[in-house]
Amino acid sequence: MWMLFMKMTMNKKHKKLLQFFLVLLFLIVLIVAGKTYLPVGKIFHFSPTNKERFVNHRQIHNELSNNLSFDFEVNPNSVTPSGLYKGIAHSGQFSAKVFGKNSYSLNIERKVAETGTSNLKTIAISSWVFIFPTKSKVISDLALAISNELGVNIAWKGVKVKGNEIPMGKWFKVSGLFDLSDIRMKPDYKIQVYYWNNSNTDILVDDFYIVFGGPKPHKGDSTLVDLTHRVPFTPKFNFPPYPFHLFRKEEINNENSSFLIRYGEKKEGNISPYDRIFSGHFISDNRGTEDLLVINKAGKVEFFTFCRDDKAFRKITPVLPPGLQSFFQSAEIITGCFSGGGTAQILLSGSKGLLVGEFVKVRDACSGAVVQGSFKTLFKTTSNPFHAGTTHLIAADLDGNKITEILETAENGSWKVYRFKNGGKEPLTVLASGDNDPLKQWNSRQNIFKITPGRFLQKYPQDILLTVSGEKTKPGYSWSLLRFNPSSRSFIPCFNEKQNHLGKTIGLDTLKPGDEIFTGTFDNSGKIQVFRYNRDWRYDLKEIRFNDSTFQIIANIDFAGYENDFNPKYYEILRLVPAMLVNPGLISFLVIGKNCKNQDPKEKECKEFIDLPGLPGTIQIYSLEKAE
Amino acid sequence: MKFTTPPFRLILFVITGITFFFLMSCSNAPRSVETVSEQFIIRDFDPVANWQIVTAGNEIQAVNCNKSIILDYSNALEEGFIIPTLNQVKEGQFEFSFYLKNTGKNPQKFYYKIFYQNESYKFPEIDETDSTKQNIYAWENFYGSWEDVSQTFKETGDIPADNEFHPVSDHFRIVGNPRNEQRYYADGKNDRWKRNPRVGKYSFLLVVTTADNISEKKIPQGVQNISGMENGSFIHPYFYFLHGYGRKLTNTVVQKSLNYLKVIAKPDPGAGIYIANAIFDPAHATKYYCKTCGTDSNLYHTAPFEQFGHYIDPSTQMNNIPVIADVLKDNYSKMDYNWNRRFFTKEELIGTIPTVSKDPCKTVSSDPVDHKIVIRNPGCEYGKWAKENVGVRSRHGFTYGKWTVKVKLTELLNRNNLWNGLTNAIWLITQDQAEWNFRRDCNKEGYMANYYGGQQDKRVKNVGYSEIDFEILKTVPYCPSYMLPPAYNNGIDDQGHIGNWNVPFPEEILANDDKIEVCCTNWDMACWEPRDFNDGCQTISYGGQTFWAHRWDKGYRALTEKTSEPDDELFGKEFYYFQIDWEPKEIIWRIGPSKDKLRVVGYLNNTNTSIPNNQMLLIISQEFHNTKWWIGSPYLQDNTPFPKNDIVGEIYEMTIE
């Protein structure tokens, strides 16, 4: 009929014009209907518009590598971007508008490559939502869309916000967790989060938050202990879990601060974990507790001694000969009883020469009066017998005579053992030397290694040397124990030939050159205990015990008695210094914990520390608690 | 003049009513209620004349009073509860009495029968839509008559027509399985304990009639003998005489007592704990046995509680951090939690499942001096890591009732609001899943056959499993569904940056930091019969409050509501009350600091969930749940330390009324 009418009433030109307008009208209707009813966001990826670019490039807070958050805040003095609403916000002043049917909020977008495919098994999202009071039925979603390279959504998921019980006129939280494990993510895929309003309502959203990936599984392969069948636990040599032994905080009355001495306004001893810290009977009586000698990066020398009656540290002002401070700043320093007798002496070796000295003993350091400790030079030479800068110096009682010897190892692995004799014509005499250590670990051109002296094996009365080394060109580490034989003037491996004179490593824990090894008498049993401290992945302090072929892990070490949450193991930087600080005859740990304000990934050390409210810097003394 | 003509009937009814009204209050006045029939008048019906305890609990010589009686637990395990027992009245039965005046012309014998019914927990006798019909569930009501059901109406002996009232008295007692239903028999013995008398208020119905009504069988056999069925169902005598054909019988007086007898169960927590050997390994049996806990025959008969051995679902296996700590006392913090969950390797974790004690009586004790039960989740040590559940269960089943407990269960959060991993549970569980304890038929889809089965479990018309829970733990609400689960950031194991592993909880979690969730659940075994049965979140209102009920899917066997409450309020005080009010058509969960200050924290009814009608027991327990059961929980069980010290709970009082 229509066609007939057309034929009858219109000429050809009019017909074409009418057809054109009809098609145009149809298209307009189609576009309007599509805009209103077609959920484009479910099918296609939204290309970022200008208004969204600031979202994706400037405003997103990326606190952690696994999350994004956005609060829609912009400069309040500039023109409000069209997608934002000013005046009602969950935080700040701005929120995102989602007004009317089939409307979309500003979105957050990330490329899969930016988050890592392995980090996308699940995604959790949340947003705060405000719905203007209305009688219309609310139908909306906090949506997550994943689109492929062509911009087509391969997954669309939403947290439905609909129904009769939706709060109106107030902010409420919407959150959800999506399992994406069935999607094969590609680096070019894009993830978008936005809010979709599919009802005739006006909605504001604010504070988007996205967490990529669910809880990460624990590091490692598999759990070793299975008690589900009620079979009793049998410890397996050197395999976890290990018991926990505790070091308990001693009272040093420093108001739990980061100062060793804190009494009202008095603050002293803000010791940095990067300072050089030595312990010994420098100024105090050899039968009492040891003193702390601290040399900071500027070469400033400080002394601290613990007053047992006050349960607090006191600072002793060192009096150094003129010009010595710069020597302290640059020299390699070792301490020991080089002359015997128990008094701690200091050996400084550097480009300026070699110096051995000691501080004059101080009486009544705890009297309250200002106390000074004068430095006395015992030996000084401008020609350094050690190859400063290319050698390692180790102070150790290698022959068990309670006099500290000095081991020098050179770059090529050659070594010399010196003894210092105060007042002699040649104060430093070479006791022994060699081109190599027996196991050829001490060559620093080929190896990374660390030598730690200590009473590692009870059967030897002298310090023996634990060397942990790794070849620079190969993975893996080896370790050995060497003892010095005065009669043959050589180092002898403690382990037999069957194991190539090297220590066996059994279990999961290996010794590494980066480890710190502490030895000493930590409890009243009188036994020498050994602790290994590693920070490769986490705080990891363990008590270990060496035997004739290997080392055994005795226990994990944790701390107790600390204030609030200030467990030393939580600090980003934790320095442990074993010293006989509060109990004569018993070693405790001086513990310095710091958090870094801005860690430069390129820098090894932190430039500036921060006192976080929940974990301010700490300096405390912890002593071993009797094992339960 | 005939008293049976309609105007006189009306006048008599009004007079009787006014008289009843004045006598409703407890008094010592003589009883003069008269109910008139054509040939006789009845007055002074006293259903429990030899029991003088009024509801206030004190004994007074009073008539026309509401009275109460506390159930005697002696022998109840095997015989079922008997009301009253020989320990309570010397005859071991209630004496009821009434006066009868023969208004006929000749001496004659009259016939009487007494019925009782539990009024607190019943369905109305009449159908809700057709008052001429008996409610299809009325037969489930607990009613009875003479213990010997074959004894129909009793004869009074000759009552002279002397215009005088003559006393008639007799005895009865309330016992379990009053209709002698065969489903409660085993090996030819009527296990009356399988259908114990319900707690709550009992009414009494006296029916007196003349010989011709008996001889001419005008009263159906199924009413005279309540064990009889007609057309496959029981005839409820209350319906028959008060609403059905019985009310039209001539020469028949039906008098329902205005006063009630309230029955209360109050098991004494200090009366001992019995150990059911079937639960525990006999090899460990006797080590911790004592006078108040064990398996001896005295405890078997007298102990109202037994140690509960939890069913441990093997799927609850978890890999627990190897930390032993007293979370409640050791100042355990969120930072501790965050570090411990991030910085242990798999090799260091302990593969374990929650356990139950190997040694009965080791972790439960009954204190006869303070009349309390003490339960404890034992602390553990290196190499003997365990998260051991503990609980006690009542031994005498009931259907319905207000189950109220006064307890001091362990606190769940410490001062840092860290969860210790425990769920405090006060819950009802089916007494037995055997056929005798089946729930009523589910006529739509049926029940899921097993408590523990998955979605593919078969559906059956009847099932014996039922459970009504208080489970109180640290978790999150499930409703509205748009807030589940919260967007947690679990951090990464980067010790070099504290903010990377010590990530705070979302603000909505921190807003409820000091609160625990009181989870109120009815296990309806996914019966679809209720009108509004559904999955997801739905609201239900009660007393001006709106509760969100949640069911994961339509095959999920339980419907749960959650209310956030402060841990300090519920478990930080000397004690707290928890009540499950299990009614035929609804379940109401209440808690409060005292029994008269209970508040509603959960409500479900038969429009959205199938209310169980079988016999249940009460369990009070402290359990280590796998948090996989509790989606969205901020703290995971795997990351919660093993307990270092015993975690103690105390049970002071349990009342079912």
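Which strands of chain A make up the open sheet of 4 strands, and in what order do they come? I will start there and then move out to the whole chain, the interface and chain B. Please keep in mind that this is a predicted model.

The order in that sheet is S28-S29-S30-S31 of chain A, and the pairing is antiparallel. At the edges sit S28(A), residues 447-454, and S31(A), residues 490-493, each of which pairs on one side only. From one strand to the next the twist averages 30°. Take one pair from the sheet: S28(A) runs antiparallel to S29(A), residues 464-471, with 8 bridges between them. Within that pair, Ile448(A) is placed opposite Gly470(A) of S29(A).

Now chain A as a whole. Its secondary structure consists of 39 strands and 6 helices. The C-alpha trace spans about 135 × 60 × 55 Å along the principal axes. The radius of gyration of chain A is 36 Å, where a compact globule of 628 residues would have one near 25 Å. Of the 628 residues in chain A, 39% are buried. As for contacts, if we take those in chain A with a separation of 6 or more, 57% are between residues 24 or more positions apart.

Next, the interface. On the chain A side 49 residues are in contact with chain B, and on the chain B side the number is 42. Which elements of chain A give two or more residues to that side? They are strands S6 (122-131), S8 (153-163), S9 (171-179), S11 (202-212) and S12 (225-226), all of chain A. S9(A) gives the most, with 4 residues. Sorted by class, the side of chain A that touches chain B has 25 nonpolar residues, 13 polar and 11 charged.

S12(A) deserves a second mention, as it also pairs across the chains. Its partner is S21(B), residues 350-352, and the two pair in the parallel sense over 2 bridges. In that pairing, Val225(A) has Ile350(B) of S21(B) opposite.

That takes us into chain B. Strand S27(B), residues 422-430, is mostly covered, with 9 of its 9 residues buried. Which strands does S27(B) pair with? One is S38(B), residues 616-624, in the antiparallel sense over 9 bridges. There, Ile426(B) has Ile620(B) as its bridge partner. Another is S30(B), residues 467-473, again in the antiparallel sense, over 6 bridges. In this second pairing, Trp427(B) is bridged to Asp469(B).

The last element is a helix. Why is H7(B), residues 334-342, described as largely enclosed by the rest of the structure? Because 8 of its 9 residues are buried. To count as buried here, a residue needs 20 or more other C-beta atoms within 10 Å of its own. The buried residues of H7(B) include the charged-class Lys334(B), Asp336(B), Arg341(B) and Arg342(B). The others are Met335(B), Tyr337(B), Asn338(B) and Trp339(B). What do these buried residues pack against? They pack against H8(B), residues 498-501.

To close, back to the interface: S12(A) is one of the strands on the side of chain A that touches chain B, and S12(A) pairs with S21(B) in the parallel sense.

How values were computed. Residues numbered from 1 in each chain as written. Chains lettered and ligands numbered in written order. Predicted model: local features only at pLDDT ≥ 70, side-chain atom pairs only at ≥ 80, totals over all residues. Contact = placed C-beta atoms within 7 Å. Pairing = 2+ DSSP bridges. Buried ≥ 20, exposed ≤ 12 C-beta atoms within 10 Å, placed from the backbone. Axes fitted to C-alpha atoms, helices over the stretch in contact; angles between N-to-C directions. Rg over C-alpha atoms; globule rule 2.2 N^0.38 Å.
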